Amino acid sequence: LFANGISLEKVIIIPDTINTIKREITKNKSKYHYIITTGGIGPTHDDVTAESVSLALKKKYQLHKSALEELRIYYKKVKSDLTDARKKMAFMPKGSKLIKNKVSGAPGFNIENIYVFAGIPSIVEVMMDEFLKLNRAKNKFFTSKIVTKFHESQIAHILSHAENNYKDVKIGSYPIFDGKPKGVEIIINSLNNKD
C-alpha cells in the first residue's frame, strides 16, 4: 500500500462473528478512504464476512451471477463439483463489483469503499494486485533512511523539531539493538519530494 501512495492508518483483528464485523464496518467506513478485509468469504459456516458487510451497508445479501460464473469456470477447469457450499462464495451485497482471484477462482468483492479479500496469503496478494489496478493513488510516498550511531535520547529533540517544521513529513525512529544499543535507524516519509 505504502509503495502505491496509500497510507495504512489502522489494523483491526476481529473474530468471524456477524455482529462484530458489522459493527467495525459501520464504525470505520466513513473514517477511511479504503477498508480492506481479509478472510471469511469461503464455503463454511463461519465464513460470514460477505453477509456482515451486507448488513452493515443495509444491502441485500444475494447471489452475484458473474461470481457464480467465475466459480463454474474454475471448478470445471479443476474437474470438481460446484457444490452448494461452494456456491455460497458467490453471495455478496447487492451492487458489488468482483475482485478477480486467479489462484482459487472464488472472487472477492468491492462495494463503496470496502474491499473484501479471501484470507489465504497467496490469494490476498493476487487480490491486492487487483485492488491496486483499480485504485491508482495520485500521490506517491517518498522515503529516506538514515542510520546513526546515536542513542534515541540524544537525537529526540532534533527529530521532533524537524517534524514540527515540515508538516508533510513523518519521521520514525527505530533503535538498533543487538544485546546492547548500537544506534538508531531514522525513516523519513513524505507525500512530496521537496527538500
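This passage describes the overall form of a predicted model, followed by two of its helices and one of its sheets.

The chain of the predicted model contains six helices and nine strands. Its C-alpha atoms fill a box of roughly 65 × 35 × 30 Å along the principal axes, and its radius of gyration is 22 Å, whereas a compact globule of 195 residues would have a value near 16 Å. Of the 195 residues, 35% count as buried. The chain exposes about 12,700 Å², of which carbon and sulfur atoms supply 54%. Among the contacts with a separation of 6 or more, 60% are made by residues 24 or more positions apart.

Helix α2, which comprises residues 49–57, includes Ser-52. Seven of the nine residues of α2 are buried, so this helix is largely enclosed by the rest of the structure. The buried residues are Thr-49, Ala-50, Ser-52, Val-53, Ser-54, Ala-56 and Leu-57, and the elements that cover them include α1 (18–28), β1, β2 (61–63), β3 (91–93), β5 and β6. Within this helix, Ser-52 has a relative accessible area of 0%, and it therefore counts as buried, the cut-off being under 20%. When its neighbours within four places in sequence are left aside, Ser-52 is in contact with Thr-17, Ile-18, Ile-21 and Lys-22; of the elements named above, α1 spans residues 18–28 and is part of the cover of α2. Just after the helix, Lys-58 takes a positive phi of about 55 degrees.

Helix α5 is formed by residues 121–134 and has 14 residues; from its first C-alpha to its last it reaches 20 Å, which is close to the 20 Å expected at 1.5 Å a residue. Buried positions in α5 are Ile-123, Val-124, Val-126, Met-127, Met-128, Glu-130, Phe-131 and Leu-132, a list in which Glu-130 appears beside residues such as Phe-131 and Leu-132. The cover over these buried residues includes the strands β1 (35–38), β4 (97–99), β5 (108–111) and β6 (114–117). Strands β1, β5 and β6 are also included in the cover of the buried residues of α2.

Three further strands make up an open sheet with the order β7-β9-β8 and antiparallel pairing. Its edge strands are β7 (142–148) and β8 (169–177), each of which pairs on one side only. On average, and with direction ignored, neighbouring strands of this sheet are turned by 20 degrees against each other. Helix α6, formed by residues 152–165, packs on the sheet and touches β7, β8 and β9, and its direction makes about 170 degrees with that of β8.

The pairing within this sheet can be followed strand by strand. Strand β7 is joined by seven bridges to β9 (residues 181–190), the two running antiparallel; here Phe-142 stands opposite Ser-190 in β9, and Val-147 has Glu-185 of β9 as its bridge partner. On the other side of the pairing, β8 and β9 are joined in the antiparallel sense over nine bridges, and Gly-172 has Ile-187 of β9 as its bridge partner. Strands β8 and β9 form a hairpin with three residues between them, in which Gly-179 takes a positive phi near 90 degrees.

Definitions and conventions
Residues are numbered from 1 along each chain as its sequence is written. This is a predicted model: local features need pLDDT of at least 70, side-chain atom pairs count only at pLDDT 80 or more; totals for chains, interfaces and linings use all residues. Side-chain values use heavy atoms; hydrogens and water are left out. Two strands pair if DSSP finds at least two bridges between them. Helices (H or I, at least four residues) and strands (E, at least two) are DSSP runs, numbered from the N terminus. Axes are lines fitted to C-alpha atoms, for helices over the stretch in contact, and angles run from 0 to 180 degrees between N-to-C directions. Contact means heavy atoms within 4.5 Å. The radius of gyration is taken over C-alpha atoms; the globule rule is 2.2 Å times the number of residues to the power 0.38. Buried means under 20% relative accessible area, exposed over 50%, partly exposed in between (1.4 Å probe, protein chains only). Accessible areas come from the Shrake-Rupley method with a 1.4 Å probe; for residues, only the protein chains shown count as cover. The expected span of a helix is 1.5 Å times one less than its number of residues.
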